[in-house]
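Work through the exercises below with the sequence and the model open beside you. Try each task before reading its solution.

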Amino acid sequence: MSQTFLKVIEDLELLVMSSPKIPLTNMVFVNEQEIFRIIDSIRMNVPQEVVDAQRFLQEKEDIINDAKKKADEIIINADLKAKQKLDENDLVIKAKEESEKIRNEARKEANKLMKEAKDYSENVLIKLESEVDKLLTSIRRGKEVLRSKE
């Protein structure tokens with residue numbers, strides 16, 4: 001600590017010791033101009049160690065504030081990403097549900113079309129069978145007519 005600073009403190013102590021006392025108290029009357037002169041002198045002679053300590057404390061405070069700010073930003077970004085993932089997950093779930101619904105409707109439509117095709121084919125075959133029966137009957141009659149004329 002600088003000698004000047006210690007000397008100023010000593011001057012302050014002497015001022016207090018040499019000031020008139022207020023009766024029945026522990027207080028003293030102090031010359032206002034003299035005390036302000038000493039306070040100014042203290043300000044001008046603050047030891048470098050105290051200035052360095054003050055700067056160190058300020059830097060420490062700045063570092064802590066920056067770290068808190070970065071931590072807050074990281075938390076906000078993490079929350080946003082988590083929300084996006086949840087939203088994406090919801091979209092995937094909805095897409096899968098919609099896909100399953102479309103597949104079920106397609107299966108029902110395919111089954112319906114297959115039944116209609118089967119019914120149509122069966123009807124065509126029944127009509128064809130009937131026509132073939134008629135033709136066979138005509139052929140048999142024609143053969144009988146030919147045999148009867150022999």
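The exercises go from the overall form of this predicted model to single residues.

**Exercise 1. Overall form**

Task: State which secondary structure elements the protein has, and decide whether it is more spread out than a compact globule or not.

Solution.
- Step 1. Count the elements: there are three helices and zero strands.
- Step 2. Put them in sequence order, which gives the pattern α-α-α.
- Step 3. Compare the radius of gyration with the globule rule. The protein has 55 Å, while the rule gives 15 Å for 150 residues, so the protein is more spread out than a compact globule.
- Step 4. Look at the spans along the principal axes: the C-alpha trace covers about 170 × 35 × 20 Å.
- Step 5. Add the burial figure. Of the 150 residues, 5% count as buried.
- Step 6. Note the surface as well. The accessible surface is about 13700 Å², and carbon and sulfur atoms hold 60% of that area.

**Exercise 2. Distance along helix 3**

Task: Find how far apart A71 and R107 are, in sequence and in space.

Solution.
- Step 1. Locate A71: this residue belongs to helix 3, which runs over residues 48-148.
- Step 2. Check its exposure. A71 has 34% relative accessibility and therefore counts as partly exposed.
- Step 3. Read off the separation. A71 and R107 lie 36 residues apart in sequence, and their C-alpha atoms are 53 Å apart in space.

**Exercise 3. The nonpolar core**

Task: List the residues of the largest nonpolar core and say which helix gives the largest share.

Solution.
- Step 1. Name the members. The core has five residues, namely F5, V8, L15, I38 and I42.
- Step 2. Assign them to elements. Helix 1 (3-18) and helix 2 each give two or more residues to this core.
- Step 3. Compare the shares: helix 1 supplies the largest, with three residues.
- Step 4. Follow one member outward. Apart from neighbours within four places in sequence, I38 touches V8, D11, L12 and L15.

**Exercise 4. Salt bridges within helices**

Task: For the pairs R43 and D40, E59 and R55, and K83 and D87, give the distance and the position in the helix.

Solution.
- Step 1. Recall the principle: side chains of opposite charge can pair when their charged atoms come close. The cut-off here is a nitrogen within 4 Å of a carboxyl oxygen.
- Step 2. Take R43 and D40, whose side chains form a salt bridge at 3.5 Å from N to O. The two are three residues apart in helix 2 (residues 32-44), and therefore about one helical turn apart. R43 is exposed at 60%, whereas D40 is partly exposed at 40%.
- Step 3. Take E59 and R55. The closest N and O atoms of this salt bridge are 4.0 Å apart. Both residues lie in helix 3, four residues or about one turn apart. E59 is partly exposed at 42%, and R55 is partly exposed at 46%.
- Step 4. Take K83 and D87, which form a salt bridge at 3.4 Å from N to O. They are four residues apart in helix 3, and therefore about one helical turn apart. K83 is partly exposed at 49%, and D87 is partly exposed at 36%.
- Step 5. Look for shared partners. D52, R55 and E59 are joined into one network by salt bridges.
- Step 6. Give the total: the count comes to nine salt bridges.

**Exercise 5. A nonpolar patch on the surface**

Task: Name the residues that make the nonpolar surface patch, and classify L125 as buried or exposed.

Solution.
- Step 1. List the members: L125, L128, V132, L135, L136 and I139 make a patch of about 540 Å².
- Step 2. Place L125 in helix 3.
- Step 3. Apply the cut-off for exposed, which is over 50% relative accessible area. L125 has 55% and is therefore exposed.

**Exercise 6. An unusual backbone angle**

Task: Determine the sign of phi at L24 and where this residue lies.

Solution.
- Step 1. Start from the general case: most residues other than glycine have a negative phi.
- Step 2. Read the angle. L24 is not a glycine, yet its phi is positive, about 65°.
- Step 3. Locate L24 in the loop between helix 1 and helix 2.
- Step 4. Classify its exposure. With 92% relative accessibility, L24 counts as exposed.

Technical notes: Residues are numbered from 1 along each chain as its sequence is written. This is a predicted model: local features need pLDDT of at least 70, side-chain atom pairs count only at pLDDT 80 or more; totals for chains, interfaces and linings use all residues. Side-chain values use heavy atoms; hydrogens and water are left out. Buried means under 20% relative accessible area, exposed over 50%, partly exposed in between (1.4 Å probe, protein chains only). Patches are made of residues with over 30% relative accessible area and no salt bridge: like charges are joined within 9 Å, nonpolar side chains (Val, Leu, Ile, Met, Phe, Trp, Tyr) within 5 Å. Accessible areas come from the Shrake-Rupley method with a 1.4 Å probe; for residues, only the protein chains shown count as cover. The radius of gyration is taken over C-alpha atoms; the globule rule is 2.2 Å times the number of residues to the power 0.38. A nonpolar core is a set of buried Ala, Val, Leu, Ile, Met, Phe, Trp, Tyr and Cys residues joined through side-chain atoms within 4.5 Å. Contact means heavy atoms within 4.5 Å.
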